[in-house]
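Me: I'd like to learn how to read a fold from its model. Could you walk me through it?

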Amino acid sequence: MIFGRSERGKPPVEPVTLKILVAGGFGVGKTTLVGAVSEIRPLRTEELLTEAGRPVDDTSGVEAKSTTTVAMDFGRITLREDLVLYLFGTPGQERFWFMWDELSEGALGAVVLADTRRLEDCFAAVDYFERRAIPFVVGVNCFEGSARYPEDAVRRALDLDEDVPLVLCDARDRESVKEVLVGVVQHAMTQAARRRGAVTT
C-alpha cells in the first residue's frame, strides 16, 4: 500500500483475523476492557439487573453494578494492514455459560480477568480454557481500594500452571489492555510452536 492505495497491479491485502476471548466472573471488567481498546464502538448486549435476578446474581463486592452482559461484547483492533484482532467478551453469570462453546470456536487464545476481591469467580474460566487447551493469560484487574497480592500468591490461589502468564492490569486503560492482548498472542504462538515441536520429534 502506498498512501492508503494498493500498488498498481497488486490486489488489496486480505487481512488475517485473530479471535481472542475475554472471560472471567461477574462484574470483573470484561465489558470495560473491550471498550477501552476497541477502535470501533463496541457491540454490547447489556441488560439492567433486576430484582428477579438478585437470587442468582451475586453482586457482593460489586454492589454498584447495575447492568450485565447477557450474550457477548464485541470489539475490533487493527494491529497492521494485514492483521486484525477481534475481541469477544463472554457473559459472566453461570446461567449464560452455554454460550461459551460457540464464542470459543476458532479462538487463538483468551484473557481471564480476575478480581482479587472475588478470585473464586474466575475459577470456572480458568478450568474451561485448561480443559479445551486454549492458551490464556490471567489479567488481575487492579480495582481501586482492592488489596494487592504478590503474583506468586495469586498464582497459587488459582492453581495455575507455571507457563500460564499472569499480569496486573487496569481494564480502563488502553495501553494496559494492549499489553495484556500482546501477552495472549505471544503465549498462543509459544504454545503452538511447542505443539509443532512435539509433533516433529
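Reply: Let's go through the elements, the core, one helix and a surface patch. This is a predicted model, in which local features need pLDDT of at least 70, side-chain atom pairs count only at pLDDT 80 or more, and totals for chains, interfaces and linings use all residues. Residues are numbered from 1 along each chain as its sequence is written, and side-chain values use heavy atoms, with hydrogens and water left out.

Me: How many helices and strands are there in the protein chain?

Reply: Helices (H or I, at least four residues) and strands (E, at least two) are DSSP runs, numbered from the N terminus. Here the protein chain has five helices and seven strands, in the order β-α-β-β-β-α-β-α-β-α-β-α from the N terminus.

Me: Which residues have the most contacts inside the largest nonpolar core?

Reply: In soluble globular proteins, nonpolar side chains tend to be buried together. A nonpolar core is a set of buried Ala, Val, Leu, Ile, Met, Phe, Trp, Tyr and Cys residues joined through side-chain atoms within 4.5 Å. Buried means under 20% relative accessible area, exposed over 50%, partly exposed in between (1.4 Å probe, protein chains only). The largest core has 25 residues, and those with the most contacts include Leu 21, Phe 129 and Leu 160. Helix H3 (123-131) gives the most to this core, with four residues.

Me: Is helix H1 (residues 30-37) enclosed or open?

Reply: H1 is largely enclosed by the rest of the structure, because six of its eight residues are buried. Among them are Leu 33 and Val 37.

Me: And where is Glu 162?

Reply: Glu 162 lies in the loop between helix H4 (151-158) and strand E7 (166-169), and is exposed, with a relative accessible area of 79%.
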